[in-house]
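This report concerns the interior packing and selected backbone features of one protein model. The sequence and structure are shown first.

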Amino acid sequence: MRTPIIAGNWKMHKTMPEAVEVCRRLEEMVEDSAVDVVVCAPFTALSALSALGLTKLKLGAQNMHFADEGAFTGEIAPGMLIDVGVQYVIVGHSERREIFGETDELVNKKVRAAITHGLTPILCVGETLDQRKEGKTETLVQGQIRKAFAGVAPEAASEVVVAYEPIWAIGTGETATAEQAEEVIATIRATLSELYGTEIAEAIRIQYGGSVKPANISELMAKPNIDGALVGGASLKPEDFSAIVKF
Ligand code: PGA
């Protein structure tokens with residue numbers, strides 16, 4: 001049985017005091033839920049959030065560099081995240097891929113670095129609207145999965161969280177239907193099964209992301225292969241995010 005995992009991706013929103021206020025409230029609101037709940041806050045809030053000593057909410061970062069340290073101005077190393085109590089890190093979000101030019105090769109390095117340091121990667125994959133229209137979704141997503149998992153050992157692979165996020169559904173209000181999401185997520189699981197065998201593929205948690213809100217979460221979670229959600233906009237408000245966690 002896979003424990004569902006709902007993660008909030010705050011992107012470039014919330015100052016440190018705002019983040020503290022929201023997480024204090026959230027912790028109380030989701031305390032009794034049976035799912036894993038993660039908040040991926042901006043780097044500048046992580047240390048303060050960690051100091052709150054929250055137990056239900058786990059901390060995530062939204063990106064990191066793959067190197068242990070070095071001359072990489074403006075970057076954050078995996079060990080620095082561990083140092084402030086972070087357990088999860090989003091890797092290869094489409095905004096990183098599209099706006100900051102992250103390639104599958106770079107994403108793979110980050111996945112492996114996260115694992116080496118004991119961080120759980122939330123690996124994002126997904127297609128653009130044009131790619132979907134051209135019927136390339138499955139091939140593209142399968143390729144992203146194969147490249148991201150290159151060199152990842154089976155035991156480590158089972159701990160990775162995958163987030164399927166169709167780019168056309170991110171921040172647009174346009175959600176993929178539960179059927180569309182399930183279809184691609186089942187393909188992802190099949191690819192993982194080819195790479196690692198059924199047992200490991202069945203253990204890997206795969207989220208859907210893209211305009212998830214309280215109104216559509218139950219339908220998505222009812223699908224057999226969907227194990228949770230990566231939530232952007234709706235994770236900024238404690239009322240909405242807690243309603244999603246309690247799907
Ligand atoms: P959204 O973002 O929920 O605002 O569509 C999802 C994401 O980018 O992870």
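The sections below treat the nonpolar cores, a lysine in a helix, and two loop residues.

**Nonpolar cores**

The model is predicted. Its largest nonpolar core comprises 67 residues. Within this core, the residues with the most contacts are Ile 6, Leu 123, Ile 145, Phe 149, Val 162, Ile 188 and Tyr 208. Helix H9, spanning residues 178-196, contributes the most to the core, with seven residues. Another core, of 11 residues, lies apart from it; among its members are Ala 7, Tyr 88, Ile 122 and Val 161. In soluble globular proteins, nonpolar side chains tend to be buried together.

Ile 188 illustrates the packing in the largest core. Leaving aside residues up to four places away in sequence, Ile 188 is in contact with Val 125, Val 141, Ile 145, Val 162, Tyr 164 and Ile 206.

**Lysine 110**

Lys 110 belongs to helix H5, which covers residues 104-116. Is Lys 110 buried or exposed? Lys 110 counts as buried because its relative accessibility is 4%, and the cut-off for burial is under 20%. Beyond residues up to four places away in sequence, Lys 110 touches Asn 63, Met 64, Phe 66, Val 91 and Glu 102.

**Loop residues with positive phi**

Two residues other than glycine are listed below with their phi values and loops.

| Residue | Phi | Loop between |
|---|---|---|
| Lys 11 | near 55 degrees | strand S1 (5-9) and helix H1 (16-30) |
| Ser 211 | near 55 degrees | strand S7 (205-209) and helix H11 (217-221) |

Ser 211 has a relative accessible area of 15% and is therefore buried.

Terms used
Residues numbered from 1 in each chain as written. Predicted model: local features only at pLDDT ≥ 70, side-chain atom pairs only at ≥ 80, totals over all residues. Heavy atoms only, no water. Helix = DSSP H or I, 4+ residues; strand = E, 2+ residues; numbered from the N terminus. Buried < 20%, exposed > 50% of the residue type's maximum accessible area, 1.4 Å probe, protein only. Contact = heavy atoms within 4.5 Å. Core = buried A, V, L, I, M, F, W, Y, C linked by side-chain atoms within 4.5 Å.
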